[in-house]
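Student: I am new to this structure and would like a close look at a single part of it. Could you take one helix and go through it slowly?

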Amino acid sequence: VNPRLVVTTLPITERGEVMLIRRGITPGYNKWAQPGGFLEIDETVLEAAIRETLEETGLQVEPVRIVGLYSRVEAAVVVVAYEARIVGGEPITTPESLETRPFAPDEIPWSDIAFETSVRALRDWVASIRPDLALPDPPTIHRDLGA
């Protein structure tokens, strides 16, 4: 059994905020995460990141750089996280996302982030743009929800 690839984006607003979704499905129901999902057999990693973001947020994005690659043996997934520029669309809710909203780097609700991989991706992104901010240690704030 091999791990599955999860593709995600950190959609960034013109004001430098990250758009997160409040998950409408398990695991992580009602917790915050970046949009993302499984890579399908007929698409590239970039295509999947763009598709998943549009499906879960209503936002059209252009991935600009890889923030990080994270593996979770317990969940049998490898997660690639892209920083992405928002190029169109409007935030929406979907069955997978109860809410889509922006957070400034110093407003991220760390204790309400769904997955340790999301905490790690958000930490790496914040550290790259705001090295002055104190950041939490993922294991001290996160319950294991599976990815």
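Tutor: What follows is a walk along one helix, α1, and then to some of the charged pairs elsewhere in the chain. Please keep in mind that this is a predicted model. Helix α1 covers residues 45-57, and at 1.5 Å for each residue its 13 residues should span 18 Å, which agrees with the 18 Å that separates its end C-alpha atoms. Within α1, the residues A48, A49, E52, T53, E56 and T57 are buried. Looking down the axis of α1, one finds these buried residues within an arc of 125 degrees, so they line one face of the helix. The general background is that an α-helix has 3.6 residues a turn, so residues three or four places apart point the same way. As for what this face meets, the buried residues of α1 pack against several strands, including β1 (4-12), β2 (18-23), β5 (59-72) and β7 (97-103). Just after the helix comes G58, which takes a positive phi of about 80 degrees.

Charge also has a part in this picture, since E52, which is buried in α1, belongs with E43, R51 and E55 to a network of salt bridges. Two of the strands that α1 packs against, β2 and β7, are themselves linked by a charged pair, for R22 forms a salt bridge with E99, with the closest N and O atoms 3.4 Å apart. R22 lies in strand β2 and E99 in strand β7, so this pair ties together parts that are 77 residues apart in sequence. R22 is partly exposed, with a relative accessible area of 21%, and E99 is likewise partly exposed, at 30%.

Technical notes:
Residues numbered from 1 in each chain as written. Predicted model: local features only at pLDDT ≥ 70, side-chain atom pairs only at ≥ 80, totals over all residues. Heavy atoms only, no water. Helix = DSSP H or I, 4+ residues; strand = E, 2+ residues; numbered from the N terminus. Expected span 1.5 Å × (residues − 1). Buried < 20%, exposed > 50% of the residue type's maximum accessible area, 1.4 Å probe, protein only. Arc of directions from axis to C-beta. Contact = heavy atoms within 4.5 Å. Salt bridge = Lys/Arg side-chain N within 4 Å of Asp/Glu carboxyl O.
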